[in-house]
Amino acid sequence: FNNLKYFKLNYKAILLNKENRLILVIGAVVILTLSYFLIPTFYSKDIIQAQIKNKILKNYDVEIKFNEKINYGLLPKPHFFSKNLSILRDEKEIAKSETLKVFIGFGQFFSFNKGVIDIKDLVFNKTDFNIYLDDIVFFEKLLKTEPHENKIIFEKSKIFLKNKNDEVLFINKIKNSEFYYDSNNLQN
């Protein structure tokens, strides 16, 4: 309590001390940086979810359906994530993903309410594709999307190819599959 009484009486001298100013500046920078990166936690999750869904459909021609609310994560990079997600083709579910991570750009945190969202990469984790022969065009369409530097990554996934009688013809495991634009060969 003596230290608190000393601080209360001499707080101006303590704050103006050169050693303490550096600590205050560093503390202020850390607090401002963290508050900047935590801005997306205050936005409406429904609006963010709709913007992400529309942006994925526009950029990658992949239709998704969120079965649970979307959340925000800060580490390792700022991202939104959702569990239990469905991938649709012609309004038919062709895949169920356990987790989707949508990595976002650093400079777009103030423009979410304006409808502008900058998606960097998409990571689908533990996705089970239940596809038929006519659903293979889903992967072909991914390769033919308009080129850009962002990636779509499927990790720890499985493809179940079925015939018309719902019998599984083969199962293929996907450890790590990336769809991205190769700037050397100028193709996806």
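This is a guided tour of a predicted model of one protein chain, with a suggestion at each stop for what to select next.

**Stop 1: the whole chain**

Start with a cartoon view of everything. The protein chain has five helices and seven strands. Follow the elements from the N terminus and you will meet them in the order α-α-α-α-β-β-β-β-β-α-β-β. Now switch on the surface. The accessible surface of the protein chain is about 12,600 Å², and carbon and sulfur atoms contribute 57% of that surface. Of the 188 residues in the chain, 34% are buried. How much of the contact list comes from residues 24 or more positions apart? Among contacts with a separation of 6 or more, such residues account for 57%.

**Stop 2: helix H4 and its surroundings**

Select residues 45-60, which form helix H4. Lys45 is found in this helix. Is Lys45 buried or partly exposed? With a relative accessible area of 24%, Lys45 counts as partly exposed. Show its surroundings as sticks: leaving out residues up to four places away in sequence, Lys45 touches Pro40, Ile70 and Tyr72. Lys45 and Tyr72 are 27 residues apart along the chain, and their C-alpha atoms are separated by 9.1 Å.

Next, select Asp46. Asp46 is partly exposed, at 47% relative accessible area. Which residue forms a salt bridge with Asp46? The partner is Lys69, and the closest N and O atoms of the two are 2.5 Å apart. Lys69 lies in the loop between strand S1 (63-66) and strand S2 (71-73), while Asp46 belongs to helix H4, so this pair ties together parts that are 23 residues apart in sequence.

**Stop 3: more salt bridges**

Side chains of opposite charge can pair when their charged atoms come close. The structure holds five salt bridges, and you have just visited one of them, between Lys69 and Asp46.

For another, select Arg89 and Asp135. Their side chains meet in a salt bridge with an N to O distance of 2.9 Å. Arg89 is in strand S3 (residues 79-89) and Asp135 is in the loop between S5 and helix H5 (137-143), so the pair ties together parts that are 46 residues apart in sequence. Are Arg89 and Asp135 buried or exposed? Both residues are buried.

Then move to Glu93 and Lys96, whose side chains form a salt bridge at 3.7 Å, N to O. Glu93 is partly exposed at 41% relative accessibility, and Lys96 is also partly exposed, at 37%. To finish this stop, add Asp90 and Lys92 to Arg89 and Asp135 in your selection: salt bridges with shared partners join these four residues into one network.

**Stop 4: aromatic rings**

A pair of aromatic rings is described by the distance of the centres and the angle of the planes. The count for this model is three aromatic pairs. Select Phe124 and Phe154 to see a stacked pair, with 5.1 Å from centre to centre and 15° between the planes. Phe124 sits in strand S5 (residues 119-132) and Phe154 in strand S6, 30 residues apart, and the pair links these distant parts of the chain. Both rings belong to buried residues. Add Phe129 as well: ring pairs link Phe124, Phe129 and Phe154 into a cluster.

While you are looking at rings, select Lys77 and Phe103. The charged end of Lys77 sits over the ring of Phe103, 4.9 Å from the ring centre.

**Stop 5: Leu122 in strand S5**

Return to strand S5 and select Leu122, which lies in it. How accessible is Leu122? Its relative accessibility is 0%, which makes Leu122 a buried residue. Beyond neighbours within four places in sequence, Leu122 is in contact with several residues, including Ile56, Tyr60, Leu100, Val102 and Ile152. For a distance to try in your viewer, pick the C-alpha atoms of Leu122 and Phe81: they are separated by 9.7 Å, with their positions 41 residues apart along the chain.

**Stop 6: the loop at Asn163**

Finally, select Asn163, in the loop between strand S6 (152-162) and strand S7 (168-179). What lies 2.9 Å from a polar atom of the Asn163 side chain? The answer is the backbone nitrogen of Glu167. Leaving aside neighbours within four places in sequence, Asn163 also contacts Tyr132 and Leu169.

How values were computed:
Residues are numbered from 1 along each chain as its sequence is written. This is a predicted model: local features need pLDDT of at least 70, side-chain atom pairs count only at pLDDT 80 or more; totals for chains, interfaces and linings use all residues. Side-chain values use heavy atoms; hydrogens and water are left out. Helices (H or I, at least four residues) and strands (E, at least two) are DSSP runs, numbered from the N terminus. A polar contact is a pair of N or O atoms within 3.5 Å; within protein, one must be able to donate a hydrogen and the other to accept it, and residues adjacent in sequence count only if both atoms are side-chain atoms. Contact means heavy atoms within 4.5 Å. Buried means under 20% relative accessible area, exposed over 50%, partly exposed in between (1.4 Å probe, protein chains only). Accessible areas come from the Shrake-Rupley method with a 1.4 Å probe; for residues, only the protein chains shown count as cover. Rings of Phe, Tyr and Trp (its six-membered ring) pair if their centres lie within 6.5 Å; planes under 30 degrees apart count as stacked, over 60 as edge-to-face and the rest as tilted. A charge sits over a ring if NZ of Lys or CZ of Arg is within 6 Å of the ring centre and within 35 degrees of the ring normal.
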